[in-house]
Amino acid sequence: MRSILMAEYRRFLNTCIWSLAGWKACWASEKTLRQWTVVNGLSIALALYLDLSGLERAVIIAFGLLVLAVELMNTAMETAIDYISRDLHPLAKKSKDAGSAAVAMTAFAALFAWIFILFG
């Protein structure tokens, strides 16, 4: 049992290390990730400053983190497409545009959460 727990602990630790490496790589190369991080920092600060319930704060923070997660997935997809080929192709464009649209839709969801919490 102890060896199983140690193996799971090592696996979890490696997952954390690889996740941090992914964040650092994207941070270094993706201006949009840095921009969304700043926006989320301001959003979190405002959510903590305003008189909101714990649930409202949780919704704001969760949507902000979701925007960052989708941005990271979009970056991963674009990087894989660029690795496969740098040639312009309609399917590559469609895929990259869809990833960008996914980030935009998630950002709109976060914006709507703010609107409904403040004015709903």
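Arg86 is exposed in this predicted model, its relative accessible area being 67%. Asp82 lies in helix H3 (residues 54-84) and Lys96 in helix H4, so the contact between Asp82 and Lys96 ties together parts that are 14 residues apart in sequence. That contact is a salt bridge between the two side chains, at 2.5 Å from N to O. Asp82 also forms a salt bridge with Arg86, where the closest N and O atoms are 3.7 Å apart. Asp82, Arg86 and Lys96 are thereby joined in a network of salt bridges.

The accessibility of these residues varies. Asp82 counts as partly exposed because its relative accessibility of 23% falls between the 20% limit for buried residues and the 50% limit for exposed ones. Lys96, with a relative accessibility of 24%, is likewise partly exposed. Arg86, at 67%, is over the 50% limit and therefore counts as exposed.

**Salt bridges**

In total, the structure holds 4 salt bridges. Three of them are listed below.

| Residue pair | Closest N to O distance |
|---|---|
| Glu8 and Arg11 | 2.4 Å |
| Asp82 and Arg86 | 3.7 Å |
| Asp82 and Lys96 | 2.5 Å |

The pair of Glu8 and Arg11 belongs to one element: both residues lie in helix H1, 3 residues apart, which is about one turn of the helix. Glu8 is partly exposed, with a relative accessibility of 41%. Arg11 is also partly exposed, at 47%.

**Aromatic pairs**

How many aromatic pairs does a search of the whole structure find? The search returns 2. In one of them, Trp23 and Trp27 are stacked, with ring centres 6.0 Å apart and an angle of 25 degrees between the planes. Both tryptophans lie in helix H1, which covers residues 2-29, and they are separated by 4 residues, or about one turn of the helix. Trp23 has a relative accessibility of 28% and therefore counts as partly exposed. Trp27 is partly exposed as well, its relative accessible area being 34%.

Phe108 and Phe112 form an aromatic pair that is also stacked, at 6.4 Å centre to centre and 25 degrees between the planes. These phenylalanines lie in helix H4 (residues 90-119), 4 residues apart, again about one turn of the helix. Why is the pair classed as stacked? The angle of 25 degrees is under the limit of 30 degrees, so the planes count as stacked. Phe108 is partly exposed, with a relative accessible area of 44%. Phe112 has a relative accessibility of 44% and is partly exposed too.

**Nonpolar core**

In soluble globular proteins, nonpolar side chains tend to be buried together. Here, the largest nonpolar core consists of 6 residues, namely Ala47, Leu52, Ile60, Ala113, Trp114 and Ile117. Helix H4 supplies the largest share of this core, with 3 residues. Which residues does Ala47 touch, not counting those up to four places away in sequence? The contacts of Ala47 are Leu52, Arg57, Ile60 and Trp114. Among these, Leu52, Ile60 and Trp114 belong to the core together with Ala47.

**Helix H4 in summary**

Helix H4 recurs in several of these descriptions. Lys96, which lies in this helix, pairs with Asp82 of helix H3. Phe108 and Phe112 both lie in helix H4, and this helix also gives the largest share of the core.

Note on methods
Residues numbered from 1 in each chain as written. Predicted model: local features only at pLDDT ≥ 70, side-chain atom pairs only at ≥ 80, totals over all residues. Heavy atoms only, no water. Phe/Tyr/Trp six-rings, centres within 6.5 Å; stacked < 30°, edge-to-face > 60°. Helix = DSSP H or I, 4+ residues; strand = E, 2+ residues; numbered from the N terminus. Buried < 20%, exposed > 50% of the residue type's maximum accessible area, 1.4 Å probe, protein only. Core = buried A, V, L, I, M, F, W, Y, C linked by side-chain atoms within 4.5 Å. Contact = heavy atoms within 4.5 Å.
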